[in-house]
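Trainee: Could you walk me slowly through one part of this model? I'd like to see how the pieces there fit together.

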Amino acid sequence: MPPANARAGPQNPSLTVQTGITMAASVMARRRLLWLALVLLVLALLGTLVWLAGRYETDRAQTALERDAQDAAADIRAALARNVQSLQALQDVLPATPWSAEAALLLREHRELVHLERRDMALVVLDVAHTAYRAPVFSVYARSNVQADLGAACSAAARSAAPSYSNSYFVPQSDGLGLELLDQCVPWFAQGRQLGYVVATYALTGVLSELVGKQLSRRQHVSLTTVDGARLAQHGLPVNGARALVAHQLLDLPGNTMILRLGAERGVPDLFPNVLTGLVATMSLALIAVLVLLARDTRRRLRAEGDLADALAFRKAMEDSLVTGLRARDLSGRISYVNPAFCQMVGFAPQELLGHGAPAPYWPPELVDEYQQRQAIRLAGNTPPREGFESVFMRKNGERFTVLIFEAPLINASDEQTGWMSAVLDVSEQRRMEEVSRTGQERLQASARLAAVGEMASLLSHELNQPLAAISSYATGSLNLLQAHSPNAEQDIRLAMHRIAEQAERAGQVIKSVHNFVRRRDQLREAIAVQALLDAVMPLVALQARKLRITVRTDVQPDVPRVLCDHSMVEQVLLNLARNGMQAMDGTKFSERVLRIEACSAANGTGAEPQQPAVLFSVSDHGPGISPEVAQQLFTPFFTTKAEGMGLGLSLCRTVIEQHGGHLSYASRAGGGTVFSFTLPIEPIDAAL
Amino acid sequence: MKIPTVYVVDDDAGVRDALAWLLRSRRLLSECFESAERFEAMLGDAFEVKAPSCLLLDVRMPGGMSGLELFEKLQARNLVAAMPVIFLTGHADVATAVATVKRGAFDFCEKPFSDNALVDRVEQALVHSAQVLAQTAEQHVVAAKLQELSERERDVMRLVIDGLPNKLVADQLDISVRTVEVHRARVFEKMGVKSAVALANLLRNQTNWGE
């Protein structure tokens, strides 16, 4: 078989490898892209989480600041309201104590107040009190210059009989700086009648530091602005920039509206200041760690996958390059796997075989029943012989061939049998070789037999020669004596005659022992099928026929009974007749080179003898026939027409057949050639039963 | 002359007896031996053929020394010339037979043989044996006579046989013609011959006569 055929399975190995490499590269690129996307997503998620955490933090700080701002505004309002009560109380104690003394006391208690005055209804100043904590605020800039708004405030207070506030105003001070001041006008009632107004002047910085500042932290900055944003007063360090948080709170007082602005600095190490951010960070770290582990695991998995693919490819290559056919069947007998060698062996494509149940396409139709039975036995759980068994498979083209099958249960990883695995070896070539060598051996045996015959003939001739020689000598001696007319001749001759008789007896013994030997073989007769006899000699006949380019046809009547014979002797007879026939056809002048061996039922015996059932064998050739001169001596021992022949063949054949109770005869064939035929008795009916 | 004897060596008693009987019917004396070993024992170590004799020897004698082996031993002892050997063969082994004849056997005979023809050959062998014996005896006599010759007589005799005249013999041996004549007369007398031709005939069969 040409080796190119064996490679027919995979079309082009290099191409496959090329495709594999490009495929692997694209898979690798896609995998990398996926990984990149995953990392980016994780980073984005982390960023978002951190940002959200920061936002949340900022929101919380902002909310806190807003609350602080509200609280601060409320504080201011409440303090101002309390101050109003104090101012009213100041009016009520009159006249028991002088107003100015009371006022001075009040100013000492409330540092935010810088100036108190009592005015009458026409806003004429009645009493004035200054705070003791600073120089009188109106010392540089006269009070009269900065009371434009006071009238409006006081009239509003008079109208509503409630305190009212003026707009704030800037008053330069003696230290070169200035103060932003606010007037609070409280109507002054006595016995249900308004006598005038008490005007309290607040320094806005004082308001912030005294009323708000104490509750604020160092990092907070509070200021008061006008509605349009101009800063009026501030307290604390100013906060600016990106880190600043600002809360605005409207501070509306009757007659005046300001905005309280509270600023705070977000702490610099605020990135992970709280549990949430920490948690997020920890989780992110854990996530990254998991990612790294996952990547490592994936790499390991990839490597294992690669190794597995390599191993699989090696296994596949191994299975493909195997000369032994492999076949797996599942438990229901369907083919689940075949390797290329098996397909090549049977000539079917894998798709024609896979999934195919019994009968398999490579079973010869005539053996399907037997194989079905065998498979049933196998599927019942019987383990086949370890040394394998022989079977006959059929190729797709119908050719039968002998295979040697080793079958074993297929056990999966969890120790369950999933089917049967078979290794199939095509042994047809070996069988043919064995056949040839057996034929050679048989030929050797035949020649050995011939040599044995020669040896026996030699021994026999010696054994017979001795007494014959002695007889001859006695006879000659006696004749000599008779011729010599010697006086004592008679006695001597009598002695010689005795000796002759003895030696003749001895020769007879030799013959008898040969006869006994032949008779012993009678015990070996047995009933044997006619076809078996022919089958036994066919290899040898076919061998010679091939050499002489002769066609051998055998024809056995189908219902022919078995014959009773010594099969080795009868085989020898058949062989001899077949050889004679073939040798008769040796030569170029015979165009029809056919040797016919036939067997049919016939009646034994000739003429008046009772007709016994028998089998008639005939061997016919298309040779030149037998000439009358040869025919006369045909069965004479040691008569031969062949250069190397012994001349025993036909005479032995006749002897053998007659010993079996049969009859050997010959006749000329109608179309030229000779037919030798002989009969053999069939096996007795009672023995057959 | 002593009585001629035919020795028969054959393992088959019938054949032996029959042959002896046959020979006796032709008035020939025979001695039978059932094996080559027996025959050899009879010969002993210092056997000499004194009477004309002949050996009928079977080639094939199962279980002992074969005829061929015995023949080789006899040949080694120089007995074959005086005692011719006729082989008896049971089956025509032509190759063996021819080989034995080439090596000095007198003849071979195939069993079953034409009996009187065999006896004829036996008689011929005995005649041959007798001739050999006679020749041997004559050689013994001549050798004895040669022993009596002196050294000088032998020298003269050698030259005389070569056909040289007395004068040349004298020149060769550096002696006088007269002395040669005396020596020559003494040689003729001692050897019992009358002429140089008779002397040469007498010495023709003598291989070694004192070089």
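Mentor: Happy to! Helix α5 of chain B covers residues 115-148, and its 34 residues should span 50 Å at 1.5 Å a residue (counting one less than the number of residues); the end C-alpha atoms lie 50 Å apart, so expectation and model agree. Helices here are DSSP runs of H or I with at least four residues, numbered from the N terminus. This is a predicted model, where local features need pLDDT of at least 70 and side-chain atom pairs 80 or more, while totals for chains, interfaces and linings use all residues. Residues count from 1 along each chain as written, chains are lettered from A and ligands numbered from 1 in written order, and side-chain values use heavy atoms without hydrogens or water.

Along α5(B), the buried residues (under 20% relative accessible area, 1.4 Å probe, protein chains only) begin with B:D115, B:L118, B:V119, B:V122, B:A125 and B:L126. The list goes on with B:S129, B:A130, B:V132, B:L133, B:V142 and B:L146.

Next, look at α6(B), residues 151-161, and α7(B), residues 166-173: their axes come within 10 Å and cross at roughly 130°. Axes are lines fitted to C-alpha atoms over the stretch in contact, with angles from 0 to 180 degrees between N-to-C directions. The two helices are therefore oblique to each other (not under 35, over 145 or 65 to 115 degrees). α6(B) passes α7(B) in a right-handed crossing (near helix turned clockwise from the far one by less than a right angle). On the α6(B) side, B:R152, B:D155, B:V156 and B:L159 make the contact (heavy atoms within 4.5 Å); α7(B) supplies B:V169, B:Q172 and B:L173.

Notes:
Buried means under 20% relative accessible area, exposed over 50%, partly exposed in between (1.4 Å probe, protein chains only).
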